[in-house]
Amino acid sequence: MQQQKIPEVQKLLLEDQKHLSLTSVEAVDGFSEQCLKLTVSGCKVIIMGENMKISSFNQTSGTLTADGTVYEIKYARKSQPLLKRIFK
């Protein structure tokens, strides 16, 4: 019998556009003072801002906190395979 994968609950908390808390973070793909690139439950998340600093990241529990001025939070869509888009 196969086990079904239970989707993880994602929580994103942004306080006063200055303090960010995020759960279900699988990996930090890249970061700078202007941009954080994360993988959250299999989706790519890009957080744009100023003076961004990762305060803490626990890969085991999947929690991340960051400080700085957040301007934009973008979830990247999963693209369909090329053949599936062509032959609908």
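A biologist asks and a modeller answers about the predicted model above.

Biologist: What does the chain consist of, helices or strands?
Modeller: The chain has one helix and six strands. Along the sequence the pattern reads β-β-β-β-β-β-α.

Biologist: What makes the six strands one sheet, and in which order do they stand?
Modeller: The six strands form an open sheet in the order E1-E2-E6-E5-E4-E3. The pairing is antiparallel. In general, strands of a sheet pair through backbone hydrogen bonds.

Biologist: Why are strand E1 and strand E3 called edge strands?
Modeller: Strand E1 (12-15) and strand E3 (25-31) each pair on one side only. That is what the name says. Neighbouring strands of this sheet are turned by 45° against each other on average, direction ignored.

Biologist: How do you know that strand E5 and strand E6 pair?
Modeller: Count the bridges. A pair needs at least two bridges. Strand E5 (residues 43-58) and strand E6 (residues 63-75) have 11 bridges. Therefore E5 and E6 count as paired. They run in the antiparallel sense.

Biologist: How do you know that strand E4 pairs with E5?
Modeller: Use the cut-off again. Six bridges join strand E4 (residues 35-40) to E5, and at least two are needed. So E4 and E5 pair as well. These strands are antiparallel too.

Biologist: Which residues stand opposite Met48?
Modeller: Met48, in E5, stands opposite Cys35. Met48 also stands opposite Glu72 in E6.

Biologist: What marks the hairpins, and which residues take a positive phi there?
Modeller: The hairpin of E4 and E5 has two residues between the strands, and Ser41 takes a positive phi near 50°. The hairpin of E5 and E6 has four residues between the strands. There, Gly62 takes a positive phi near 80°.

Biologist: Where does Ser24 lie, and why is Ser24 called buried?
Modeller: Ser24 lies in the loop between strand E2 (19-22) and E3. Its relative accessibility is 7%. Buried means under 20%. So Ser24 counts as buried.

Biologist: What does Ser24 touch, leaving out residues up to four places away in sequence?
Modeller: Ser24 touches Glu8, Val9, Gln10, Thr39, Val40, Ser41 and Gly62. Ser41 and Gly62 are the hairpin residues with a positive phi.

Biologist: How much of the whole chain is buried?
Modeller: Buried residues make up 24% of the 88 residues. The chain exposes about 6,800 Å², and carbon and sulfur atoms supply 53% of that area.

Key
Residues are numbered from 1 along each chain as its sequence is written. This is a predicted model: local features need pLDDT of at least 70, side-chain atom pairs count only at pLDDT 80 or more; totals for chains, interfaces and linings use all residues. Side-chain values use heavy atoms; hydrogens and water are left out. Axes are lines fitted to C-alpha atoms, for helices over the stretch in contact, and angles run from 0 to 180 degrees between N-to-C directions. Buried means under 20% relative accessible area, exposed over 50%, partly exposed in between (1.4 Å probe, protein chains only). Contact means heavy atoms within 4.5 Å. Accessible areas come from the Shrake-Rupley method with a 1.4 Å probe; for residues, only the protein chains shown count as cover.
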